[in-house]
Amino acid sequence: MSTKKTVKKTAKKSAKLSPKKTRTAALKSTKAPQRAAAKPAAKAPKRAAAKAAPVTSASEFMAHAYAMEVEAAERYAEFADAMEVHNNREVAELFRKLSRIEQRHADQILEQMGWKQSPVASAGYRWEGMEGPETADPTELHYLMQPYHALQIALHNEKRARDFFAHLAKITGNPGVRKGALEMREEEAEHVHLIEGWLKRTPKPDANWQADQDPPALSD
Amino acid sequence: MTSSASAAPLTAQAFKSDYKPIWCPGCGDYSVLSSFTKAFALLQLQPENVAVVSGIGCSSRIPAYTNCYGFHGVHGRSLAAAAGLKLARPDLTVVVASGDGDGYSIGGNHFLHACRRNVDLTYVVMDNHVYGMTKGQPSPTTEPDWESKLSPEGTGLREFNPLVVALAAGANFVARGFAGDPNGTAELIAQAIKAPGFSFVEVLSPCITFRPEQREWKNMVRPASVPSTDDAALAARRLMTDDGMNIGVLYKGGRKPYQSPVGKGKKQPSDLEQEFTL
């Protein structure tokens, strides 16, 4: 991917697929889950967008990009585990796939930067918005959620990531960071477009998708 | 368990077990678990030198999900078990996980005396203002006007203020975190572990199953506008105007941790036995 070339021109050319191409290909190859079409689902609640953290060098920019991908991958994996435990296998599989896509991207950043290990401290970055700009909000989950909802979450995150890079490109004084951020913004914008298409192919949940004959909550 | 002989730095993943949490989707405790493992990695602790002790409740399932030594104890008694462990094995890092029911109600008395005794423990309480595991009864931190089928018209009882109690009872480190800020909470837990004596970290951890309105917490919490203090009186004054949504370290004291009079280089159990010889 050109972003990485900008940051580190000596990056190995051996990578067969750039992170961008890999992610895009992975998203394009995903088939729409088969489920009966129904009424539109409720929109995911808005969440405050993470602002750009201060990034002063191209290397630091790539470390942030890496952290974003890792945190997003970990969160999707956590969602997949939760859905598996609650026997919502279709959504679990979708979250697992999203996690793999994010993790692959993170791994390729490591490889192309020549980093032998994570450039990020164990506790991660302190994002201005509390969590990384591509990290899904756990309070959006529901044990009866459907693939459409999962894709809405993914779409929201890709939009946040796109806005994060756009903001970073706008405020940075470092030309390398700006160029990288603009390219990443375009990449995320492409992902937004792909997920929007994916959503169009995915059946919308029934209005009563949350209905449960044996609900866990007695307090409703 | 991960070997301490490994040269590569341990990552948070090294502290996670293979068991998948069975919390409800969206539970804040997932993120607190992540904060635990990140804090251990941040401090580069070795899993075999860490013990996670808990009582009963959703949050108390955490020991099973870590790759450290763990003890899933009885309801409200996690601090008693942890204090015993720490005094017997002062070389271990002992972290105690609890919830607002287990920690402030059933184990409320242990909480007071753990603060007072000041054994070198880290106590992390995941507070969701409800008994989640038993399907949504009001807990000590539930607001007096919170209505549910199980508490029509609310309890009418003033809620417990854990930070005030911890400070008044003598905790040496008092902080509040938020599950929606896992990296920040990891740093808080790491600071709490490093601080000598009894460290108390209250973590607001939403239960969206029984308290769906807690989704709003992410829009309500904020970093405390003032730095931590070592002045307990000043910390107490700050708590007078605290709305429960300020996160960060409130108080870092300098009280010497409790040390057992028995152990290596000190009295031995046989010495104690002699005192009781008739």
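**Helix packing and the contact between chains A and B**

Reader: At what angle do the axes of helix 3 (residues 58-85) of chain A and helix 6 (residues 175-201) of chain A cross?

Author: The axes of helix 3 and helix 6 of chain A come within 8 Å of each other. The model is a predicted one. In it, the two axes cross at roughly 30 degrees.

Reader: How is helix 3 of chain A oriented with respect to helix 6 of chain A?

Author: The crossing angle of the two axes is roughly 30 degrees. Angles under 35 degrees fall into one class, and therefore the orientation of helix 3 of chain A to helix 6 of chain A is roughly parallel.

Reader: How many charged residues does the contact of helix 3 of chain A with helix 6 of chain A have?

Author: Helix 3 of chain A passes helix 6 of chain A in a right-handed crossing. On the side of helix 3 of chain A, the contact is made by A:Ala58, A:Phe61 and A:Ala65, and helix 6 of chain A brings A:Gly176, A:Val177, A:Gly180, A:Ala181 and A:Met184. By class, this contact has 6 nonpolar and 2 polar residues, and the number of charged residues is none.

Reader: How many strands does the secondary structure of chain A have?

Author: From the N terminus on, the elements of chain A run α-α-α-α-α-α. The secondary structure thus comes to 6 helices, and the number of strands is 0.

Reader: Is A:Ile153 buried or exposed?

Author: A:Ile153 has its place in helix 5 (residues 147-171) of chain A. Its C-alpha atom is separated by 9.0 Å from that of A:Leu141, 12 residues apart along the chain. Within 10 Å there are 23 other C-beta atoms. The cut-off is 20 or more, so A:Ile153 is buried.

Reader: Which element of chain B gives the most residues to the side that touches chain A?

Author: The contact takes 33 residues from chain B and 27 residues from chain A. On the side of chain B, the elements that give two or more residues are helix 1 (29-42), helix 7 (182-194) and helix 8 (217-220). With 6 residues, the element that gives the most is helix 1 of chain B.

Reader: How many charged residues are on the side of chain B that touches chain A?

Author: Chain B contributes 33 residues to the contact with chain A. These divide into 15 nonpolar and 10 polar residues, while the charged ones number 8.

Reader: How are helix 1 of chain B and helix 7 of chain B oriented to each other?

Author: The axes of helix 1 and helix 7 of chain B are 8 Å apart, and the packing angle is about 50 degrees. This value lies neither under 35 degrees nor in the range 65 to 115. Therefore the orientation of helix 1 of chain B to helix 7 of chain B is oblique.

Reader: How many nonpolar residues does the contact of helix 1 of chain B with helix 7 of chain B have?

Author: Helix 1 of chain B passes helix 7 of chain B in a right-handed crossing. Residues of the contact include B:Val32, B:Phe36, B:Lys38 and B:Leu42 of helix 1 of chain B, and B:Pro182, B:Ile189 and B:Ile193 of helix 7 of chain B. Divided by class, the contact has 1 charged and 5 polar residues, and the nonpolar ones number 9.

Reader: Why are the buried residues of helix 5 (residues 108-117) of chain B on the same side of the helix?

Author: The buried residues of this helix are B:His110, B:Phe111, B:Ala114 and B:Cys115. They are on the same side of helix 5 of chain B because, around the axis, they cover an arc of only 135 degrees.

Reader: Which residues of helix 3 of chain B meet helix 5 of chain B?

Author: Helix 3 (78-88) of chain B is included in what covers the buried residues of helix 5 of chain B. The two helices pack at an angle of about 30 degrees with their axes 9 Å apart, and they are therefore roughly parallel to each other. B:His110, B:Phe111, B:Ala114 and B:Arg117 in helix 5 of chain B are met by B:Leu79, B:Ala80 and B:Ala83.

Reader: Is B:Glu216 buried or exposed?

Author: B:Glu216 has its place in the loop between strand 6 and helix 8 of chain B. B:Pro206, 10 residues apart from it in sequence, is 9.2 Å apart in space, C-alpha to C-alpha. Within 10 Å of B:Glu216 there are 12 other C-beta atoms. The cut-off is 12 or fewer, so B:Glu216 is exposed.

Conventions:
Residues numbered from 1 in each chain as written. Chains lettered and ligands numbered in written order. Predicted model: local features only at pLDDT ≥ 70, side-chain atom pairs only at ≥ 80, totals over all residues. Helix = DSSP H or I, 4+ residues; strand = E, 2+ residues; numbered from the N terminus. Arc of directions from axis to C-beta. Contact = placed C-beta atoms within 7 Å. Nonpolar A, V, L, I, M, F, W, Y, C, P; charged D, E, K, R; others polar. Axes fitted to C-alpha atoms, helices over the stretch in contact; angles between N-to-C directions. Parallel < 35°, antiparallel > 145°, perpendicular 65-115°, else oblique. Left-handed = near helix turned anticlockwise from the far one by under 90°.
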